[in-house]
Amino acid sequence: MSRFRPLSNAFYVRPADIVAPELLGRYLVRELDGERTVARLVEVEAYLGADDPASHAFRGRTARNAAMFLAGGHAYVYFVYGMHFCLNVVTGESGVAHAVLLRAAEVVEGVETAAQRRGVSADAAPRLLAGGPARLCEALGVDRAFDGASLRRGELTLREGEPVTPPAIARGRRVGVAYAGRAAAWPLRFAVRASPALSRPLAAR
DNA sequence: CGGAAGATCCACT
DNA sequence: GTGGATCTTCCGA
């Protein structure tokens, strides 16, 4: 999988709703203690910074969301519900605070390691491995230590992989943002239709 | 300084 | 389908 190169700086420096669908099919590579775990992204959501009531950056910069204001290509990791981590890819120019939440992935290498971190058996359903933002983080051993880290080098990298084209992509409203009023209905969730690892079913058409 | 709510997950009915 | 776990963050008083 290291035959794939890290995504370029130019890739990230665009609005989150443009970058999000292009992240599907890409590989998130985690190196830890000599073990490599690789996950193919199958579900993401775009958050549009100051223009988006659902975004953590809607009300400006705080200690928690500082990483969102870095230049595109960095990670924004936050802690929720007192027990879970969620990983975002920051996009756009520095100061814009756009981000893409990584909601689900298919583990394509290092299944044993991922399953162990998740506390499930290696033959568990894909959804139980990394189908969900917090499950994805646990499967890859991602925590607060990566908040603000670059995704172009280091122990957690996002690589070119095999992009998915529009016919295979479903689009719908974001999950868990009912508090955001009208923005809750914005179609900023993108998912690979055929994936068995989605965090939850796609809305009926 | 207190309290409410949270970009979730799991066990159980 | 429902409720509980668990604790950080942020806003209002």
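Glu-138 is partly exposed, with 39% relative accessible area. In this predicted model, the Glu-138 side chain meets that of Arg-118 in a salt bridge, with 2.6 Å from N to O. Glu-138 sits in helix α5 (residues 133–140) and Arg-118 in helix α3 (residues 111–118), so the pair ties together parts that are 20 residues apart in sequence. On the Arg-118 side, relative accessibility comes to 16%, so Arg-118 counts as buried, given that the label applies under 20%.

That pair is not alone: the salt-bridge count comes to 10. Another is formed by the side chains of Arg-103 and Glu-43, at 2.8 Å from N to O. Here, too, distant parts of the chain are linked, with Arg-103 in strand β5 (residues 98–109), Glu-43 in strand β2 (residues 35–48), and the two positions 60 residues apart. Both partners fall under the burial cut-off: Arg-103 is buried at 6% relative accessible area, and Glu-43 is buried at 0%. The story goes beyond a pair, as Arg-103 and Glu-43 belong to a network of salt bridges that also takes in Glu-45 and Arg-189.

Then there is Arg-14, whose side chain meets that of Glu-22 in a salt bridge at 2.9 Å, N to O. Arg-14 has a relative accessibility of 24% and therefore counts as partly exposed. Glu-22 gets that label as well, with a relative accessible area of 30%.

Turning to the nucleic acid, which residues are around DNA strand C? They are Arg-59, Thr-62, Arg-64, Phe-79, Tyr-81, Gly-82 and Met-83. Sorted by class, this surface has 3 nonpolar, 2 polar and 2 charged residues. The charged class is made up of Arg-59 and Arg-64, while Phe-79, Tyr-81 and Met-83 make up the nonpolar one. That leaves Thr-62 and Gly-82 as the polar members.

What part of DNA strand C do the atoms within 4 Å of the protein belong to? Sugar or phosphate accounts for 64% of them, and bases for the rest. Each side of that split has an example in the polar contacts. For the phosphate, a polar side-chain atom of Thr-62 lies 2.3 Å from a phosphate oxygen of DNA strand C. For the bases, a polar backbone atom of Tyr-81 is 2.4 Å from a base oxygen of the strand. So Tyr-81, which counts as nonpolar by class, takes part here through its backbone.

Terms used
Residues are numbered from 1 along each chain as its sequence is written. Chains are lettered from A and ligands numbered from 1 in the order in which they are written. This is a predicted model: local features need pLDDT of at least 70, side-chain atom pairs count only at pLDDT 80 or more; totals for chains, interfaces and linings use all residues. Side-chain values use heavy atoms; hydrogens and water are left out. A residue is near a molecule or strand if one of its heavy atoms lies within 4 Å of it. A polar contact is a pair of N or O atoms within 3.5 Å; within protein, one must be able to donate a hydrogen and the other to accept it, and residues adjacent in sequence count only if both atoms are side-chain atoms. A salt bridge is a side-chain nitrogen of Lys or Arg within 4 Å of a carboxyl oxygen of Asp or Glu. Buried means under 20% relative accessible area, exposed over 50%, partly exposed in between (1.4 Å probe, protein chains only). Helices (H or I, at least four residues) and strands (E, at least two) are DSSP runs, numbered from the N terminus.
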